[in-house]
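Morning, everyone. I have one structure to walk you through today. Please take a look at it first.

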Amino acid sequence: MACPEQVEETMTEDMRTILIVDDDRVILDFLEDVLQRSYSEIRAGSGKEAVDAFRAHDQIDLILLDLAMPEMSGYEALAEFQIVEPDVKVIVIRGMDPEHEQLPGILGVLSKPFQADQISTVVDDVLSAYP
């Protein structure tokens with residue numbers, strides 16, 4: 001796995017903002033490549049970086065959150081997000097574990113490996129259903 005990296009932002013006016021959280025730089029790059037056409041992104045390479053970024057930004061419309069990360073897991077980060085914003089919108093990213101996560105605030109699941117069209121569909125569906 002890649003080492004956590006500093007939070008990186010790609011912000012454009014009038015675009016919805018997505019916080020992308022994964023400790024694997026390849027996954028972060030792939031998600032950013034897919035989403036940058038339609039959304040502004042904030043990247044975080046760890047749960048702690050994600051929580052700090054979430055607290056620092058007024059308007060994050062959606063979080064793509066890897067559940068399996070070292071130091072601070074996605075589960076722990078989710079709990080911190082919900083302290084700040086109880087109605088936070090989250091799509092979890094998970095490995096091949098067949099069990100579906102039923103945690104409050106989780107509105108979608110992306111199971112690795114995923115394709116670009118799956119990412120776009122899940123993100124668009126969640127943001128359309130929960131504006």
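Let me start with one residue. F30 is partly exposed, at a relative accessible area of 32%. Keep in mind that this is a predicted model.

Now the partner of F30. The rings of F30 and F114 have centres 6.2 Å apart. Their planes sit at 20 degrees, so this pair counts as stacked. F114 is buried, with a relative accessibility of 8%. The cut-off for buried is under 20%.

Where do these two rings come from? F30 belongs to helix α1, residues 25–35. F114 is in the loop between β6 and α4, and α4 covers 116–129. The two are 84 residues apart, so to speak of distant parts of the chain is fair.

How many aromatic pairs does the structure hold? The count is 2. The other pair is F54 with F81: centres 5.0 Å apart, planes at 55 degrees, and so tilted. F54 is in helix α2, residues 47–56, and F81 is in helix α3. That pair therefore ties together parts 27 residues apart in sequence. Are these two buried or exposed? Both F54 and F81 are buried.

Let me step back to the whole chain. The protein chain has 131 residues, and 46% of them are buried. It contains 4 helices and 6 strands. In sequence order, the pattern reads β-β-α-β-α-β-α-β-β-α. Take contacts between residues at least 6 apart in sequence: 57% of those join residues at least 24 apart. The accessible surface is about 6900 Å², and carbon and sulfur atoms account for 50% of it.

Next, strand β5, residues 90–94. Why call β5 largely enclosed by the rest of the structure? Because 5 of its 5 residues are buried. Look at its two faces. V90, V92 and R94 are buried on one side, and I91 and I93 are buried on the other.

Who pairs with β5? Strand β4, residues 62–66, runs parallel to β5, with 4 bridges joining them. Within that pairing, L64 has I91 as its bridge partner. To get from β4 to β5, the chain passes through helix α3, residues 74–84. This β-α-β crossover is right-handed. Strand β6, residues 106–111, also pairs with β5, again in the parallel sense, over 5 bridges. There, R94 of β5 is partnered with S111 of β6.

On to the cores. The largest nonpolar core has 21 residues. Those with the most contacts inside this core are L19, V21, F54, I63, L65, F81 and V90. So F54 and F81, our tilted pair, turn up again here. Which elements give two or more residues to this core? They are β2 (17–21), β3 (40–44), α2, β4, α3, β5 and β6. Helix α2 gives the most, with 4 residues.

Take L65 as an example. Set aside its neighbours within four places in sequence. L65 then contacts V21, G74, A77, L78, F81, V90, I91, V92 and I93. Among those contacts are V90, I91, V92 and I93, which we just met in β5.

One last item. There is a second, separate core, made of 18 residues. Its members include I27, Y39, L62 and L127.

That's my tour. Over to you.

How values were computed. Residues numbered from 1 in each chain as written. Predicted model: local features only at pLDDT ≥ 70, side-chain atom pairs only at ≥ 80, totals over all residues. Heavy atoms only, no water. Buried < 20%, exposed > 50% of the residue type's maximum accessible area, 1.4 Å probe, protein only. Contact = heavy atoms within 4.5 Å. Areas by Shrake-Rupley, 256 points an atom, 1.4 Å probe, with all protein chains shown as cover. Pairing = 2+ DSSP bridges. Right-handed = clockwise from strand over helix to strand, strands pointing away. Phe/Tyr/Trp six-rings, centres within 6.5 Å; stacked < 30°, edge-to-face > 60°. Core = buried A, V, L, I, M, F, W, Y, C linked by side-chain atoms within 4.5 Å.
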